[in-house]
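Okay, everyone, let me put this one up on the screen. I'll talk through a few spots and then zoom out.

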Amino acid sequence: MDAPELAPRTIVKPDLLTVEDAKALSVERMTDLFKAHLNPGQLHFMKLLGFHKIKIESAEGMYYIDQNGRKILDFFGGFGSLAFGHNHPRILEARKKFQDEKRHEIAIAFMSQYATALAANLAACSPGALDMVFLGSSGSEAMESAIKLAERAAGPKRPKVVYAENSFHGKTKGVLTITDGTLYRAEFRLTDNTVRVPFGDIDAIETAFRTDPEIGSIVLETVQGGGGINEAPREFWQKLRQLCDQYGVIWVADEVQCGYGRTGRFYAFEHYDVVPDITALAKSLGAGKAAMAAMIAKREIYMKAYGTPKTAMIHAMATFGGIGEACATAIEGTNVLYDEALMENAEITGAYLVERLNALKDKYPRIIKDIRGRGCMVGLEFHDFSQTLPAVLRPVVGVLDEKLKGSLSGFVGALLLRDYDVLVAFTEYNRNVIRLLPPLIMRPEHVDKLVDSLDALLGRGVVSIVKDFVKSQVK
C-alpha cells in the first residue's frame, strides 16, 4: 500500500498565542491571563509583595533583568533550583549541541545512553553503596519513588514511616502523608501509616523504633528548608545511623533542596560522615534549564524491592523519566559543579554570608533573632513582631504576634525588591524566616549587596518599614 498523503486540515484552529505573542505580553495582560487560567488566589500574595508588577525579560548569572532593564540580584534561586545561576554558558552549549544533532528524547523502548550515563555519574558522586538510580522530573516524584522503595524493601509487616515536624517532602498524595503542613494536607484523605516526631529529637526516634515493630522506614530532610533552615547536630545523624542499623529501619534522606552541592558538599549528610539507605535529588540537578530528579539507593535495598523480572516493572521510569535533553543537561551540570569548584565556593562564600549576617544581627538584636545554615542555604529569622517595637507597644501588639507572623519578613522582602533590587525567598512553616538560596556562583560582592541593602532597610526602623510598605500598597 502507498503511504497516504497528509490529511487536509478540517479542524478549526482556536485563537492560540504564539511564542512571539507570549514574549510580547504586557504585565497587565499577563495578570489577566494568570487570574483567568492559573491561580487567582496566588495573585493576591504576589500583589502584596509587589511581584506582580515585574515582567522578567531575560536572566544571566546572578541576575534577572526586567522589562525596564533593571537588574535584580537573585537570592531566591528558584527555591534552590539555580546552582549554576541563570543560563550558564556551558549548560546552554550542551543543550544547543544536543538539539543541533537532533538527538533522541524518549528512549523507553531502547536503552538511553544519556540516562545510563547520568545514573553512572550520580553513583560516582554518591558515597558508600548508593549506586542504584531512578530518574524522574520533580522532587515529589523522586521522593515518591524513595518511600515506595523503602516500603517494599521493609516488607508488608513493617509499613510505618517516621517523619519529622515541619517537614516538607512534596505535594503529591504519597509524600503528602509525610509533609507536616496543614495548608498542604488540607482535607485530603491520606494514609495513616505514619509516626510524627520532633525534628532532631533522637530520643523520640529511639522510643518509636523500640516500641513499634511495624516501623520500617524513616524519612528526614537533612536540612529542613520549608521549616526555616533547621539543622540537627552531628551526634544526631551518627546516632540515627546506629539506630537504623540496630532496628533494621531504612533511612531515607531527602536532599531535594539541600543536596547537589548547596551546603558545600554534594550531599548535606556528608558533613556528618554518615550514609543513608536511600536519598533523593532534584531542583538544581536540572541545571536551571530542565526538570530533572533522581532517587539514589543502596543496591541491596533496590534489588530486594525490584530485583527480579517479576518485580522490575512495579516502579519503572515514567515516560519522561530519563528524557534525553534533560539528562544531557544534568550530565553537563554535574561536570560543571566539579570543574568550576562550585561546592568549594558555596562553602567559602556561604561562610562569608553567615559572618556578615551575624554582624547584622549584632547591630539589630531587637529585630533579627537568629542566623542559621551553611553554604548557599541560609535562614534569617526575625523576632515576633511585638518584640521589634518600642517597649510601650509590645504588650498591645503581643497578643497579635501569631497572626502577624511573616508580616515583617514579607515587608522586608517586598521593600528589598522595590528599593534595592534584591530578591529573597520565604519559608512555609516558620514565616518569620527569610530563606536565602542563592546560586552557587555567588561572590563576595553579591553578599555585600544583599547585606548592605538589608542594613539600609533595617536602619529605617520597624515602624518606618511598616509605613513604607503600607504606602506601597495604596499607590
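So, look at Ala425: across from Ala425, in strand 15, sits Arg435. Keep in mind that this is a predicted model. Ala425 belongs to strand 14, residues 425-426, and strand 14 pairs with strand 15, residues 433-436, through 2 bridges in the antiparallel sense.

Now put that pair into its sheet. What is the order of the strands there? It goes 11-12-15-14, an open sheet of 4 strands with antiparallel pairing. Strand 11, which covers 368-374, and strand 14 are the edges, each with a partner on one side only.

There's another open sheet of 4 strands, and here the order reads 1-2-3-13 and the pairing is mixed. Its edge strands are strand 1, at 56-60, and strand 13, at 422-423, and again each pairs on one side only. If you follow strand 1 across to strand 2, residues 63-66, you'll find the two running antiparallel, joined by 4 bridges. One position to click on is Ser58, which stands opposite Ile65 of strand 2.

Okay, a loop next. Go to the stretch between helix 10 (202-211) and strand 7 (215-221), and you'll land on Asp212. Is Asp212 buried or exposed? It comes out at 15% relative accessibility, and the cut-off for buried is under 20%, so Asp212 counts as buried. What does its side chain reach? The side chain of Asp212 gets to the backbone nitrogen of Glu214, at 3.0 Å. And if you skip the neighbours within four places in sequence, Asp212 is in contact with Lys160 and Val195.

Cysteines, since somebody always asks. How many disulfides are there? The count is 0. The cut-off for a disulfide is two cysteine sulfurs within 2.5 Å. For Cys125, the closest cysteine sulfur is the one in Cys327, 14 Å away, so that's too far for a bond. Cys258 tells a similar story: its closest cysteine sulfur sits in Cys376, at 13 Å, which is also too far for a bond. As for where these side chains live, Cys125 has 14% relative accessibility and therefore counts as buried. Cys258 is at 1%, so Cys258 counts as buried too.

One helix before I zoom out. In helix 2, residues 27-37, the buried residues are Val27, Thr31, Leu33 and Phe34. What do they pack against? That would be helix 3, at 40-49.

Right, the whole chain. DSSP-wise we have 19 helices and 15 strands. The C-alpha trace spans about 80 × 70 × 45 Å along its principal axes. Does the radius of gyration fit a compact globule, or depart from one? With 475 residues you'd look for something near 23 Å, and the chain has 24 Å, so the two agree.

Buried residues account for 51% of the 475. On the contact side, take the pairs at least 6 apart in sequence: 71% of those contacts join residues at least 24 apart. And for the surface people, the chain exposes about 22900 Å², with carbon and sulfur atoms supplying 56% of it.

That's my tour. If you want to poke at one place yourself, go back to Asp212 and look at its side chain reaching the backbone nitrogen of Glu214. Thanks, all.

Note on methods: Residues are numbered from 1 along each chain as its sequence is written. Side-chain values use heavy atoms; hydrogens and water are left out. Buried means under 20% relative accessible area, exposed over 50%, partly exposed in between (1.4 Å probe, protein chains only). Two strands pair if DSSP finds at least two bridges between them. A polar contact is a pair of N or O atoms within 3.5 Å; within protein, one must be able to donate a hydrogen and the other to accept it, and residues adjacent in sequence count only if both atoms are side-chain atoms. Contact means heavy atoms within 4.5 Å. The radius of gyration is taken over C-alpha atoms; the globule rule is 2.2 Å times the number of residues to the power 0.38. Accessible areas come from the Shrake-Rupley method with a 1.4 Å probe; for residues, only the protein chains shown count as cover.
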